[in-house]
Amino acid sequence: GITSPANGATYFGTPATIAISAAAVAYGGKIKTVKFYNGTKLIHTEENPPYLWTWKNVQEGIYKIMAKTMDTYGRENVSPTITITVSAAKCDSASKPTFSYSFNGTAVANINNGVRDPGEFASVTLCNGGQYTQSGFVSSDPANLYQLIYGSGGNNTLLFNGAVRKSRVLTTAQFAGLQHTWTVSLLNPDMPGFGQQTITPFKDLNHNGRLDAGDCAGDPIVESYGLGTCTTSGNLLSTVPADKKPGIYGVTTLQLLPNPARSVLNISITGVQQNKPTTISVISASGVIIKTLQAKSSAQTIPLNVSSLKSGMYVIKIISEGKVIYKPFVKM
């Protein structure tokens, strides 16, 4: 089969010079010829190993390359076809896509020097267990595409329009239309963690709808959402629900067993006075209250039937004595 170039490779600048090589093995005989084809057109024949040929003066376009071998018994074998692209554009610092972007009112922008500069990194600190919806505004060349990759660490989830996605490619118009819609939820106030997303603008030079080595990409911008302690300064208190402001939670502790749970979730609460009303709510990952029940805090363990819930991530919300605590669990 073809060993070089790689499938999907892009060559910048015309005319291009492309080294093509193939590996060929004969069984019971010897390799007589290796023929290279562009589509159905024969472009070169090699008779001796190594089966390597330099294709010169290749003009702009998309090419389908394959190799056909023939042994001394006349048996033929055809390799898988690879696709390569020759582009007249050059991917240098001057031609890489740039865009201006506002995150939390702070401008971040591509510098396109291959190094992640301070201007290409943005962060926000949330109160423990908090939630934040960013406001971002983008301005760029309409020809750009953007690859957004979402990740998380610790016990939290990065949500995009209410659904977790690993990565997504958007046009400039789609990206701009999604401002105000990125929501970060740090679900577990007892565990440190972070959420992170990377935005990489690129020009899709090989027209395959994804970011790969054949494209011209700008420097990535990284947005990080960190877990912090609620204080009167240094945090976005205005983005945190009112029942999660400083001093309301953190003293009371909550334990959920087993987690993940299949039918019954045992809820244990400590740090509250005995015989006080306790409200227990089950909240979906999208923020919908699924069920609510009342209990007395005198019980050491409160069994909760979760057998009717669909599989997925949920949050238990406890309200007792004006204190609120959240804890995630997984329904199997």
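The following legends accompany an overall view and several close-up views of a predicted model.

**Figure 1. Overall view of the chain in the predicted model.** The secondary structure of the chain comprises one helix and 28 strands. Of its 332 residues, 42% are buried. When contacts between residues at least 6 apart in sequence are considered, 63% of them connect residues that are at least 24 apart. The chain exposes an accessible surface of about 16700 Å², and carbon and sulfur atoms account for 53% of this area.

**Figure 2. Confidence along the chain, with a close-up of residues 153-164 and residues 187-193.** Averaged over the chain, the pLDDT is 74, and a value of 70 or more is reached by 66% of the residues. In the stretch formed by residues 153-164 the pLDDT is below 50, although the model gives this stretch 40 contacts beyond near neighbours in sequence. Residues 187-193 likewise have a pLDDT under 50. For residues 187-193, the model contains 26 contacts beyond four places in sequence.

**Figure 3. The open sheet β1-β3-β6.** Three strands make up this sheet, and their pairing is antiparallel. The edge positions are taken by β1 and β6; each has a single partner strand, so one side of each lacks a neighbour in the sheet. Direction ignored, neighbouring strands of the sheet are turned against each other by 30° on average. Strands of a sheet are joined through backbone hydrogen bonds, in either a parallel or an antiparallel arrangement.

**Figure 4. Close-up of strand β3 and its two pairings.** Strand β3 spans residues 16-22 and is largely enclosed by the rest of the structure, because five of its seven residues are buried. Two bridges link β3 in the antiparallel sense to strand β1, which covers residues 2-4. Within this pairing, A22 of β3 lies opposite I2. Strand β6, formed by residues 51-58, also pairs with β3 in the antiparallel sense, here over six bridges. A16 has V58 of β6 as its bridge partner. In a regular strand, side chains alternate between the two faces of the sheet.

**Figure 5. Close-up of D71 in strand β7.** Strand β7 comprises residues 61-71, and D71 is located in this strand. The relative accessible area of D71 is 7%, which lies under the 20% limit; D71 is therefore classed as buried. A polar atom of the D71 side chain is placed 2.9 Å from the backbone nitrogen of Y73. Apart from neighbours within four places in sequence, the residues in contact with D71 are A26, K30, I31 and K32.

**Figure 6. Close-up of T200 in strand β19.** T200 belongs to strand β19, which extends over residues 193-203. With a relative accessibility of 9%, T200 is counted as buried. Residues up to four places away in sequence being set aside, T200 touches L145, Y146 and Q147, together with L211, A217, G218 and P220.

Technical notes:
Residues numbered from 1 in each chain as written. Predicted model: local features only at pLDDT ≥ 70, side-chain atom pairs only at ≥ 80, totals over all residues. Heavy atoms only, no water. Helix = DSSP H or I, 4+ residues; strand = E, 2+ residues; numbered from the N terminus. Buried < 20%, exposed > 50% of the residue type's maximum accessible area, 1.4 Å probe, protein only. Contact = heavy atoms within 4.5 Å. Areas by Shrake-Rupley, 256 points an atom, 1.4 Å probe, with all protein chains shown as cover. Polar contact = N/O pair within 3.5 Å; in protein donor to acceptor, adjacent residues only side chain to side chain. pLDDT = per-residue confidence, 0-100. Pairing = 2+ DSSP bridges. Axes fitted to C-alpha atoms, helices over the stretch in contact; angles between N-to-C directions.
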